Amino acid sequence: MAACRQWVEYLPPPDGVLEKCQRISRQALMNFGLPTHELEAWRLTDLNRLKEILNLPISAKDNELKIKTNESFVKAPNNIVQIIIDPLKNPLESTNLPTGFKVLSSKELQEKLDQSKLYDSINENWTIALNHASTEQILALKIEGKELPPLELVIPSQAGFFSPTRVILLLEKNTKLDLLQVVSGSENSAQSHLIDIEVGQDAELQHNFIALGGGQASLLAQIAVNQMNGSNYSFAALQHGWALSRLEPRINQLNGKAKTKLKGLQISNGKQQLATHSSVQFNGPEGQLEQLQKTAASESSHCIFNGEINVPQIAQKTNAAQLSRNLLLSNRARIDTKPELEIVADDVRCTHGATISNLQEEELFYLQSRGIKAETATSLLLKAYCQEILNNFHVDASRWFDINNLLARIK
Amino acid sequence: MIRPDSNLILEISNLHASVEDQPILRGVNLKVRAGEIHAVMGRNGSGKSTLSKVIAGHPAYTVTSGSVSFQGKDLLAMEPEERARTGVFLGFQYPVEIPGVSNLEFLRVATNIRRQQTGEEELDTFEFEDLVQTRLQMVQMNPNFLERSVNEGFSGGEKKRNEILQMALLEPIIAILDETDSGLDIDALRVVASGVNQLSKPSTATLLITHYQRLLNEIIPDYVHVMSSGKILRTGGKELAIELEQSGYDWIEQTVTSKEGH
């Protein structure tokens with residue numbers, strides 16, 4: 001508790017449109033203290049690393065932002081709306097938004113914050129409280145249209161600093177959008193990112209999330225999505241390179257008849273700990289979910305997946321499938337995977353499964369028997385394993401990572 | 001084609017091998033010369049498939065004694081991929097499905113590795129597609145199978161055709177075909193056999209592993225070896241396969257046992 005109190009006391013006084021959020025969140029954090037292993041949601045998290053995050057100063061204006069990829073990749077093609085989210089600046093200072101994208105006014109934003117169950121969730125979720133306690137800027141957009149250019153949100157890091165970032169996207173009825181988020185960590189940076197998305201009635205959102213860390217970088221990210229009926233939300237995420245990363249996709253199908261696809265890939269090496277804690281809540285009938293989570297854990301790394309699905313009485317005729325497939329590439333690596341289905345409705349179809357194995361010896365030998373070196377064969381098989389998730393990424397997302405280079409680090 | 005003066009390609013001497021400490025091969029001796037086609041027959045569990053996997057270098061098998069020489073080189077000292085590069089090809093009894101790895105790309109990579117070894121120029125994507133089209137005709141394989149993942153969703157017959165296609169592209173010095181006839185109907189068997197016959201050259205050799213004589217009607221062997229309990233019990237010509245078909249494996253095992261008794 002002392003670590004949280006000290007951290008909160010260091011923050012500047014609550015201010016601006018987010019003043020109320022900051023105030024409530026700081027109080028919540030002081031009440032919570034640091035999560036402990038007794039809490040199911042944090043049972044496997046490396047709490048020492050979590051504590052180290054709170055020892056970092058909040059990102060400062062004069063520090064250079066770092067995007068840990070080839071500079072040439074950063075430039076977006078002309079057809080993409082790219083916004084770089086600096087935790088202290090108005091992210092739209094140097095961006096002209098095209099037709100269909102509109103910034104929420106302070107009044108609209110305040111109304112949105114007050115309408116939502118935000119203040120309740122702050123008191124229930126440590127990740128949210130941490131973000132709201134420290135966020136000073138918020139990017140809030142209302143998006144409408146069917147022929148919109150793809151939106152790319154780039155969230156760079158500051159080495160040695162804690163950077164909180166916050167985004168709200170409201171997709172109006174019948175809107176169709178491709179969204180790519182890139183979170184880039186470096187050295188001993190720490191990032192807290194929170195994005196709230198509303199997918200309106202019959203709207204469609206293809207959401208790619210690339211989280212590439214480096215060194216001792218840490219990331220705590222939550223993607224909170226509310227789906228209206230008839231909406232279609234597809235999420236594909238790649239996590240690699242973080243000393244500690246925790247991705248929390250939380251999907252709420254508000255009134256049923258919506259479709260959700262969640263595809264996740266965690267590739268870990270060294271002593272990395274990568275986690276996905278997903279939650280899908282069906283609050284109406286005839287909702288659909290297709291979820292596939294894959295991990296490849298090598299050396300002394302640790303991958304965690306916790307997949308919560310809630311089907312209450314009202315959610316009759318829900319059709320949900322969750323599969324967790326895991327590759328344990330070293331006997332020092334660790335994988336924890338846990339499906340968590342709570343089904344009250346009786347007329348539903350919910351399947352789940354989990355597998356953990358190493359690469360298949362017969363597949364390796366087959367490739368070797370055709371002259372392919374063991375190392376190359378391993379890379380080929382790993383790439384094939386990852387491809388099932390990577391196929392869900394928009395073609396523009398591939399600018400941000402080279403899967404061959406990434407897999408070359410896996411031993 | 002038997003030519004006593006042709007080069008010795010493969011020489012197996014007193015080969016013993018085991019899997020999980022269970023001895024399977026118990027002293028195999030075999031010499032294969034250029035231009036020859038050998039058939040290895042035997043009942044289930046006699047060690048035929050183990051012999052093929054040991055030659056190809058499968059990591060699950062441990063050679064406990066003996067030697068295998070390939071063109072004068074110690075084959076057992078080489079990694080599986082080195083064996084393939086130098087010209088040893090194993091046609092699998094059960095070709096493995098590899099989801100996510102494109103068949104076309106896999107064939108191109110494997111072909112270029114072999115070409116590097118033989119001093120030929122590597123083929124780019126377009127050049128390789130020209131080559132693969134000609135080889136496809138040899139095994140009458142539908143080009144659509146190139147677009148799929150390696151062996152994924154292939155029927156038993158298509159998997160075997162894909163094996164012979166690989167053989168046609170890699171142009172090995174010795175091809176060991178492990179029960180290539182299993183799971184094939186008579187038409188598919190003829191197509192596969194025709195492919196193998198077209199690929200046989202005076203400078204290469206073939207080792208056919210089979211249960212049944214029917215394959216040997218299509219690919220005429222120079223030698224037939226009968227294996228039992230991890231050894232070659234008897235060697236003869238094509239007529240030995242016909243005798244086996246008529247009299248069964250008991251006959252040959254009894255013949256050998258009674259000879260040993262005298």
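Begin by selecting Glu163(B) and Arg370(A), whose side chains meet in a salt bridge with an N to O distance of 2.8 Å. The model is a predicted one. This pair is the one salt bridge that the rule finds across the interface of chain A and chain B.

**The interface of chains A and B**

Next, select the elements around this pair on the chain A side. Two elements, α8 (361-368) and α9 (374-390) of chain A, each give two or more residues to the side of chain A that touches chain B. The largest share of that side comes from α8(A), with seven residues. Colouring the side of chain A that touches chain B by class gives eight nonpolar, three polar and five charged residues.

Now display both sides together. Here 16 residues of chain A are in contact with 29 residues of chain B. About 1900 Å² is buried between the two chains, and carbon and sulfur atoms give 68% of this area. Which three residues of chain A supply more of the area buried against chain B than any other three? Select Phe365(A), Tyr366(A) and Arg370(A): together they supply 41% of the area that chain A buries there. Arg370(A) is thus selected for a second time, as it is also the partner of Glu163(B) in the salt bridge. To complete this stop, show the polar contacts across the interface of chain A and chain B, where ten residue pairs are found with both residues at pLDDT 80 or more.

**A salt bridge within chain A**

Over all chains, a search of the whole structure finds 26 salt bridges. For one of them, select Lys317(A) and Asp347(A), whose closest N and O atoms are 2.7 Å apart. Lys317(A) lies in the loop between β15 (302-311) and β16 (319-328) of chain A, and Asp347(A) in the loop between β17 (334-343) and β18 (349-357) of chain A, so this salt bridge ties together parts that are 30 residues apart in sequence.

**The largest pocket**

Move to the largest pocket, which holds about 1300 Å³ of space. To centre the view, select Ser121(A), Glu124(A), Ile128(A), Gln222(A) and Arg250(A), the closest to the pocket's centre of the 50 residues that line it. Then highlight strand β11 (residues 244-253) of chain A, which gives the most to the lining of the largest pocket, with five residues. By class, the lining of this pocket consists of 19 nonpolar, 17 polar and 14 charged residues.

**The largest cavity**

The last stop concerns enclosed space. The whole structure has six cavities of 30 Å³ or more, and the largest cavity contains about 90 Å³. Which strands should be selected around it? At least two residues of its lining come from each of β4 (151-155), β6 (176-184) and β8 (204-212) of chain A. Of the elements, β6(A) has the largest share, three residues. The lining of the largest cavity includes Asp178(A), Leu179(A) and Leu180(A), together with Ile80(A), Pro150(A), Gln206(A), Asn208(A) and His394(A). Its residues divide into six nonpolar, three polar and three charged.

Note on methods: Residues are numbered from 1 along each chain as its sequence is written. Chains are lettered from A and ligands numbered from 1 in the order in which they are written. This is a predicted model: local features need pLDDT of at least 70, side-chain atom pairs count only at pLDDT 80 or more; totals for chains, interfaces and linings use all residues. Side-chain values use heavy atoms; hydrogens and water are left out. Contact means heavy atoms within 4.5 Å. Buried area is the accessible area (1.4 Å probe) that two parts lose on being put together, summed over both. A salt bridge is a side-chain nitrogen of Lys or Arg within 4 Å of a carboxyl oxygen of Asp or Glu. A polar contact is a pair of N or O atoms within 3.5 Å; within protein, one must be able to donate a hydrogen and the other to accept it, and residues adjacent in sequence count only if both atoms are side-chain atoms. Helices (H or I, at least four residues) and strands (E, at least two) are DSSP runs, numbered from the N terminus. Ala, Val, Leu, Ile, Met, Phe, Trp, Tyr, Cys and Pro count as nonpolar, Asp, Glu, Lys and Arg as charged, and the others, Gly among them, as polar. On a 1 Å grid over the protein atoms alone, a cavity is a set of points where a 1.4 Å probe fits but cannot get out, and a pocket is an open set with protein on both sides within 12 Å along at least five of seven lines; lining residues have an atom within 4 Å of a point. Grid points are joined across faces, edges and corners, and a volume is the space filled by probe spheres set on the points.
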